[in-house]
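User: I am a first-year student, and I would like to learn how the labels given to parts of a protein model are justified. Could we go through some of them together?

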Amino acid sequence: MKVLIVGSGGREHAIAESAAKSSKVEKIYCAPGNAGISEYAQCVDISAMEFDKLVAFARETLIDLVIVGMDDPLVGGLVDEMERAGIRTFGPRKNAAILEGSKAFSKNLMKKYKIPTAGYENFTDADKALDYLETARFPLVLKADGLALGKGVLICSTLEEAKEGVKDIMLDKKFGSAGNEMVVEEFMTGREVSVLSFVDGKTIKTMTSAQDHKRAGDGDTGLNTGGMGTFSPSPFYTKEVEEFCNQYIYQATVDAMAAEGRAFKGVIFFGLMLTEEGPKVLEYNARFGDPEAQVVLPRMKNDLIEVVEACIDGTLDQVDLQFEDNAAVCVVLASEGYPVKYEKGFEITGLDEFQKYEGYYCFHAGTRFDGDRIVTNGGRVLGITAKGKDLKEARANAYAAAEWVQFENKYMRRDIGKAIDEADAY
């Protein structure tokens, strides 16, 4: 098969690495890709939002399968465009990708179908939102309705902070049109867990659990980012939690989307909060998480392409999804100043070390070639992933490997997976 992966980050690198293992794959292309992805794929200079060019390339190159990794093209309807051209494509259609594309839609869906989530109100008028805040309980959470690169969520401890947040989101449009509508949500406390799942429209198969670290600084301080590191599995995702989610969240979401005439095929990412009242949905994403994919896919035993085709064909119920009995940790190496302001173009050294050892991965997020050199080209630069027999070993391995790589203004959190040490199981 000829496979085209759409995207340019660490998630797409992880997808390419997994796809390259498949005996069904002859050639991989990635649009636009990055320096690391070029190890597995021929990178094509077409952006993820140039739908006409992507469709034309897929037709001309006789692509057998397209995998859309990123949220923007999914929400924008790239899957629909590819399918109209007769090209098999993995990912939700536009009417299903709204599950991530609109937080107001997803909150209303959960309310209608009694899927556990935080209490909330939606607003399209800033003045009405400000009036509501006068009677609200704090802390609370403000969420820009649309896509905001994982950064459109503000936790507000006081009325003053919340008023400033409404100004940022709805009036100053800090997150662009994503802030045309806003969700004001009850603040939930507990452990966060991420669970990715494959879906074929009716059947859902969940992957191994993971946990992301969204804040830029150690101790979960600083601004929200696209993710600074992950570990898998989560010791807090117990059998009891899984059974509850299977009964009240996972299948219920798939059934709700089907009932709304929005059958979902692709990956649903469940962001969960394990509260005192039980698990609740924090958010949905309509694709692999980044950097969750970097710790989940390396542990998957199945042929990724076979699972992807089962989702497209509606035969996922015949797949026995299996994961290795080990652990993985990913530490993101970022550019100092991310997610606000940072410099690019610094040479990266030490990448050859990853060829020497089994169970170590260097997933490229923001890199490019400058002649023969690989240089930084983004806020999140690399995702350093390592396996281990358990989470503590995987964490130690990942941080050791993070020291192999050097570039000017390199920054990383030093506490990825620290919660592991607090779990009774470890």
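Analyst: We can begin with a helix, keeping in mind that this is a predicted model. Helix 9, residues 239-259, has 21 residues and reaches 28 Å from its first C-alpha to its last, which is close to the 30 Å expected at 1.5 Å a residue.

User: What makes 30 Å the span expected of helix 9?

Analyst: The expected span is 1.5 Å times one less than the number of residues, and helix 9 has 21 residues, so the expected value is 30 Å. Helix 9 also bends by about 55° at N246.

User: Which residues of helix 9 are called buried, and what makes a residue buried?

Analyst: A residue is called buried when its relative accessible area is under 20%. In helix 9 the buried residues are V241, C245, I249, Y250, T253, V254, A256 and M257. As a general point, an α-helix has 3.6 residues a turn, so residues three or four places apart point the same way.

User: Why is A310 called buried?

Analyst: A310 has 5% relative accessibility, and the limit for buried is under 20%, so A310 counts as buried. A310 has its place in helix 11, residues 304-313, and its C-alpha is separated by 30 Å from that of K111, although the two are 199 residues apart along the chain.

User: Why is E276 called exposed?

Analyst: The relative accessibility of E276 is 83%, and exposed means over 50%, so E276 counts as exposed. E276 is placed in the loop between strand 15 (265-275) and strand 16 (278-285). From E276 to G33 the C-alpha distance is 42 Å, with their positions 243 residues apart in sequence.

User: What is unusual about the phi of K114, and how do you know that K114 is exposed?

Analyst: K114 has a positive phi of about 55° although it is not a glycine. Most residues other than glycine have a negative phi. K114 is exposed because its relative accessible area is 70%, and the cut-off is over 50%. This residue is found in the loop between helix 6 (103-112) and strand 6 (120-123). N409, which is not a glycine either, has a positive phi of about 65°, and N409 lies in the loop between helix 12 (391-402) and strand 22 (410-411).

User: Which peptide bonds are cis, and what are their omega values?

Analyst: One cis peptide bond joins S232 and P233, with omega about 0°, and another joins Y338 and P339, with omega about 15°. Most peptide bonds are trans. P233 has its place in the loop between strand 14 (229-232) and helix 9, while P339 lies in the loop between strand 17 (327-335) and strand 18.

User: What lines the second largest pocket, and which residues are closest to its centre?

Analyst: The second largest pocket has a volume of about 490 Å³. Of its 22 lining residues, E39, Y40, F354, Q355 and C362 are the closest to the centre. By class, the lining has 11 nonpolar, 6 polar and 5 charged residues. Strand 18 gives the most to this lining, with 5 residues, and at least three lining residues come from each of domain 1 (2-91) and domain 4 (328-424).

Note on methods. Residues are numbered from 1 along each chain as its sequence is written. This is a predicted model: local features need pLDDT of at least 70, side-chain atom pairs count only at pLDDT 80 or more; totals for chains, interfaces and linings use all residues. Side-chain values use heavy atoms; hydrogens and water are left out. On a 1 Å grid over the protein atoms alone, a cavity is a set of points where a 1.4 Å probe fits but cannot get out, and a pocket is an open set with protein on both sides within 12 Å along at least five of seven lines; lining residues have an atom within 4 Å of a point. Grid points are joined across faces, edges and corners, and a volume is the space filled by probe spheres set on the points. Helices (H or I, at least four residues) and strands (E, at least two) are DSSP runs, numbered from the N terminus. Ala, Val, Leu, Ile, Met, Phe, Trp, Tyr, Cys and Pro count as nonpolar, Asp, Glu, Lys and Arg as charged, and the others, Gly among them, as polar. Domain bounds come from an automatic or database domain assignment. The bend at a residue is the angle between axes fitted to the seven residues ending there and the seven starting there. Buried means under 20% relative accessible area, exposed over 50%, partly exposed in between (1.4 Å probe, protein chains only).
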